[in-house]
Amino acid sequence: MSGRSREATLIAGDGIGPEITHATLQVLDALGVAFDWDEQYGGMSAVEKAGTPLPDATVDSIRRTRLALKGPLTTPVGGGYRSVNVALRQEFDLYANVRPVKSIVPGGRYPNVDLVVIRENTEGMYTGYDRTFKVGNDPKALAQATSVMTRDGCRRIVCYAFEYAKRHGRKKVTVVHKANILKATSGLFLETAKMIAREYEGQIASDDKIVDNAAMQLVINPAQFDVIVTTNMFGDILSDEASGLVGGLGLAPGANIGERAAIFEAVHGSAPDIAGQGIANPAAQMLAAAMMLDHVGELETAGRLRRAVETAIVKDNVRTKDLGGSASTTEFARAVARRL
Ligand code: NAI
Ligand code: MG
């Protein structure tokens, strides 16, 4: 990297996190990138080390560096502590979750996918108003969640999507919603989006789709999508679905962007089913690191990293198990490093 090395927070994460993060650091090394890493903990490994899933030291570090590369963090299902991923997004107001999905592997079912899901990351169904009214195994238990949307929240994510489209030479923004049923919350999102779309008329095309149809259209004809902008939970689900079109979660990177900080991570989770076996695909985490390089203005270096990942998979045919190969996490990292 040009000039002095830049300080950034590193959270290796849980499950396959340390394996894919180690592989990614190896590749950044080969790339000649020198982030000055401040290593911190989060999630299950932080509970083990510090007795809390989100230690103050981790938050303080990100507050200082404003930049982090993060491995996946395990969230207990059902009960237990709240998601640290969601907590970090809320703490730093990382309102834009940017998840590009692109066909890399040739001969796949969908060779022409090149879309970006831009998901609102702080409002909607994931604000934490989710509770049960029951005692023990109460047969009359009732659970309730509340979705919260604001005009400002809708405006800033939709503006982000249109500005993103402009900056990246994209042609169309599709607004995905459920305003036919959720007339208030999703209705506010759609109404705001339509106002903003008008400001971009003649520059960026736009349309809107109801989320269930969008999910189906993604499978039938994903090439029709360019930029998708949507609310928190729909974006969570659609981005995993979209990654499945191009080879799965092992290839899907993501960025969480706000005014005060940015956290880069793979879309996938800690994959407990394959953790510790050395077979996880580190490509998504490497591509997240490429997004981080873009973010700090190292566009050329980011491009080199992306090309090396693609070449290792496509030309060198070095693939982990999820992509039908037999390479280990380390073998894949070495193949990418060789291409640098
Ligand atoms: P997951 O994404 O961890 O795994 C889903 C499936 O994809 C599994 O079969 C897994 O083996 C496979 N997979 C995921 N990443 C892979 C990779 N790099 N290479 C090869 N195969 C890969 O989702 P799951 O199982 O629903 O969640 C596990 C845990 O991760 C949960 O505690 C969840 O809360 C957490 N999670 C954390 C996220 C984050 O830190 N941003 C995002 C999603 C889930
Ligand atoms: Mg998810």
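**Note on the predicted model**

1. Ile 118, with a relative accessibility of 0%, counts as buried. This residue is found in strand S5, and the model it belongs to is a predicted one. Setting aside neighbours within four places in sequence, Ile 118 is in contact with Asn 97, Ile 157, Tyr 160, Ala 161, Tyr 164, Val 227, Ile 228, Val 229 and Thr 230. Ile 118 and Val 158 are 40 residues apart in sequence, yet their C-alpha atoms are 8.6 Å apart in space.

2. One of the contacts of Ile 118 is Tyr 164, a residue found in helix H5, which covers residues 151-167. Tyr 164 is buried, because its relative accessible area of 9% falls under the 20% limit. Residues up to four places away in sequence not being counted, Tyr 164 touches Val 98, Val 116, Ile 118, Arg 170 and Val 227. From Tyr 164 to Val 116 the C-alpha distance is 9.7 Å, with the two positions 48 residues apart in sequence numbering.

3. Strand S5 spans residues 114-120 and is joined to S4 by 7 bridges, the two running antiparallel. Within this pairing, Lys 102 stands opposite Asp 114 of S5. S4 also pairs with strand S11 (residues 253-257), again in the antiparallel sense, over 3 bridges. There, Asn 97 has Asn 256 in S11 as its bridge partner. Asn 97 is also among the contacts of Ile 118.

4. How far is strand S4 enclosed by the rest of the structure? The strand takes in residues 96-102, and 5 of its 7 residues are buried, so S4 is largely enclosed.

5. Ahead of S4 is a loop that joins it to helix H4 (84-91), and Asp 93 lies in this loop. Asp 93 is not a glycine, but its phi is positive, at about 50°. Most residues other than glycine have a negative phi. The relative accessibility of Asp 93 is 27%, so Asp 93 counts as partly exposed.

6. Asn 317 is another residue to check for its backbone angle. Its phi is near 55°, a positive value in a residue other than glycine. Asn 317 is placed in the loop between helix H10 (299-314) and helix H11 (329-338).

7. Which residues does Val 27 contact, leaving aside its neighbours within four places in sequence? They are Met 286, Leu 305, Ala 333, Val 336, Ala 337 and Leu 340. Val 27 itself lies in helix H1, residues 17-31, and counts as buried at 0% relative accessibility. Val 27 and Ala 308 are 281 residues apart in sequence, while their C-alpha atoms are 9.6 Å apart.

8. Thr 75 is found in the loop between strand S3 (67-70) and H4. With a relative accessible area of 30%, Thr 75 is partly exposed. Neighbours within four places in sequence aside, the contacts of Thr 75 are Tyr 81, Arg 82, Ser 83 and Asn 85. Thr 75 and Thr 174 are 99 residues apart in sequence and 31 Å apart in space, C-alpha to C-alpha.

9. For the protein as a whole, there are 11 helices and 12 strands. The radius of gyration is 20 Å, close to the 20 Å that the globule rule gives for 340 residues, so the protein is as compact as a globular protein of that length. The C-alpha trace spans about 55 × 55 × 40 Å along its principal axes.

10. Of the 340 residues in the protein, 51% are buried. Among contacts between residues at least 6 apart in sequence, 73% join residues at least 24 apart. The pair Ile 118 and Tyr 164, already described, is in contact.

11. The protein exposes about 15,300 Å², and carbon and sulfur atoms supply 51% of this area. As to charge, there are 39 positive and 39 negative side chains. The centres of the two sets lie 3 Å apart.

Key: Residues are numbered from 1 along each chain as its sequence is written. Chains are lettered from A and ligands numbered from 1 in the order in which they are written. This is a predicted model: local features need pLDDT of at least 70, side-chain atom pairs count only at pLDDT 80 or more; totals for chains, interfaces and linings use all residues. Side-chain values use heavy atoms; hydrogens and water are left out. Helices (H or I, at least four residues) and strands (E, at least two) are DSSP runs, numbered from the N terminus. The radius of gyration is taken over C-alpha atoms; the globule rule is 2.2 Å times the number of residues to the power 0.38. Buried means under 20% relative accessible area, exposed over 50%, partly exposed in between (1.4 Å probe, protein chains only). Contact means heavy atoms within 4.5 Å. Accessible areas come from the Shrake-Rupley method with a 1.4 Å probe; for residues, only the protein chains shown count as cover. Lys and Arg count as positive and Asp and Glu as negative; His and the chain ends are not counted. The place of a charge is taken as NZ of Lys, CZ of Arg, CG of Asp or CD of Glu. Two strands pair if DSSP finds at least two bridges between them.
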